[in-house]
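Trainee: I have a model open and some questions about it. Can we go through them one by one?

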Amino acid sequence: MTSIFSPNNIILNAKAGDKYEAITLTGNILKQNGYVTEEYIQRMKLREEIVSTYLGNGLAIPHGTDGSDCEIVKSGISLVQFPDGIDFGDGNTAYITIGIAGKEGEHLGLLNKIALICIDEDNVKALRNAKTIEQVLQVLNI
């Protein structure tokens, strides 16, 4: 897998009051590292209002709505670990959020790579319990 995850794009032991705060934190990493504009974060929250980005296995993958491409500077990905979990509705608790911004359709490839890793419950559990960024990168095989 191409090294799209950098240590600067990962936060461990985060806390958030609700899923929108979690999405903001996940999106802010993308913004601060030059991947997206502020508006993209708003589109991530709007996407969550339309349909939950919770995928199962304690994982949510917030991303922008259709038409958000103009808010993406370059493709990027972020990961935030919430040890206490975040309620994503319908009894679903996310412990990991992975923010995705894919330029020119690249998000589909990114989603596919992440899905292949996170379909394995052991990988998600390892991400949830990681104590260091190096452990996260190891699970992601980077």
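Mentor: What follows is a set of questions and answers on this predicted model.

Trainee: Start with charges. How many salt bridges does the count come to?

Mentor: A pair counts when a Lys or Arg side-chain nitrogen is within 4 Å of a carboxyl oxygen of Asp or Glu. By this rule, the count comes to five.

Trainee: Take Lys15. Which residue does its side chain meet in a salt bridge?

Mentor: Lys15 sits in the loop between strand 1 and helix 1. The partner lies in strand 4, 69 residues apart from Lys15. The N to O distance is 2.9 Å. The partner is Asp84.

Trainee: Is Asp84 buried or exposed?

Mentor: The cut-off for exposed is over 50% relative accessible area. Asp84 has 59%. Therefore Asp84 counts as exposed.

Trainee: And Lys19, is that buried or exposed?

Mentor: Buried means under 20% relative accessible area. Lys19 has 16%, so the label is buried.

Trainee: How many residues apart in sequence are Glu48 and Lys19?

Mentor: Their side chains meet in a salt bridge, 3.5 Å from N to O. Glu48 lies in helix 2 and Lys19 in helix 1, so the pair ties together separate parts of the sequence. Glu48 counts as buried, at 3% relative accessibility. The separation of the pair in sequence is 29 residues.

Trainee: Which residue forms a salt bridge with Glu39?

Mentor: Glu39 and its partner both lie in helix 2. They are four residues apart, about one turn of the helix. The closest N and O atoms are 3.5 Å apart. The partner is Arg43.

Trainee: How do those two compare in burial: which is buried and which is partly exposed?

Mentor: Glu39 has 36% relative accessibility, so it counts as partly exposed. Arg43 has a relative accessible area of 19%. The cut-off for buried is under 20%. The buried residue is therefore Arg43.

Trainee: On to helix 1. What span should its 14 residues have?

Mentor: The rise used is 1.5 Å a residue. The expected span is that rise times one less than the number of residues. The end C-alpha atoms are 20 Å apart, which agrees with the expected span of 20 Å.

Trainee: What arc do the buried residues of helix 1 cover around the axis?

Mentor: The buried residues are Lys19, Ala22, Ile23, Thr26, Gly27, Ile29 and Leu30. They are on the same side of helix 1, because their arc is only 145°.

Trainee: Which elements do they pack against?

Mentor: The buried residues of helix 1 have one helix among their partners, helix 2. The others are strand 1, strand 4 and strand 5.

Trainee: Which residues make the nonpolar surface patch of about 270 Å²?

Mentor: One member, Val51, is in the loop between helix 2 and strand 2. Val51 counts as partly exposed, at 44% relative accessibility. Patch residues need over 30%. The patch is made by Leu46, Ile50 and Val51.

Trainee: How far apart in space are Ser75 and Val51?

Mentor: Ser75 is in the loop between strand 3 and strand 4. At 16% relative accessibility, Ser75 counts as buried. In sequence, Ser75 and Val51 are 24 residues apart. In space, C-alpha to C-alpha, the distance is 22 Å.

Trainee: Last one. What phi does Asn13 have?

Mentor: Asn13 lies in the loop between strand 1 and helix 1. Asn13 is exposed, with a relative accessible area of 52%. Although Asn13 is not a glycine, its phi is positive, about 60°.

Key. Residues numbered from 1 in each chain as written. Predicted model: local features only at pLDDT ≥ 70, side-chain atom pairs only at ≥ 80, totals over all residues. Heavy atoms only, no water. Helix = DSSP H or I, 4+ residues; strand = E, 2+ residues; numbered from the N terminus. Buried < 20%, exposed > 50% of the residue type's maximum accessible area, 1.4 Å probe, protein only. Patch = residues over 30% accessible without salt bridge, like charges linked within 9 Å, V, L, I, M, F, W, Y side chains within 5 Å. Areas by Shrake-Rupley, 256 points an atom, 1.4 Å probe, with all protein chains shown as cover. Arc of directions from axis to C-beta. Contact = heavy atoms within 4.5 Å.
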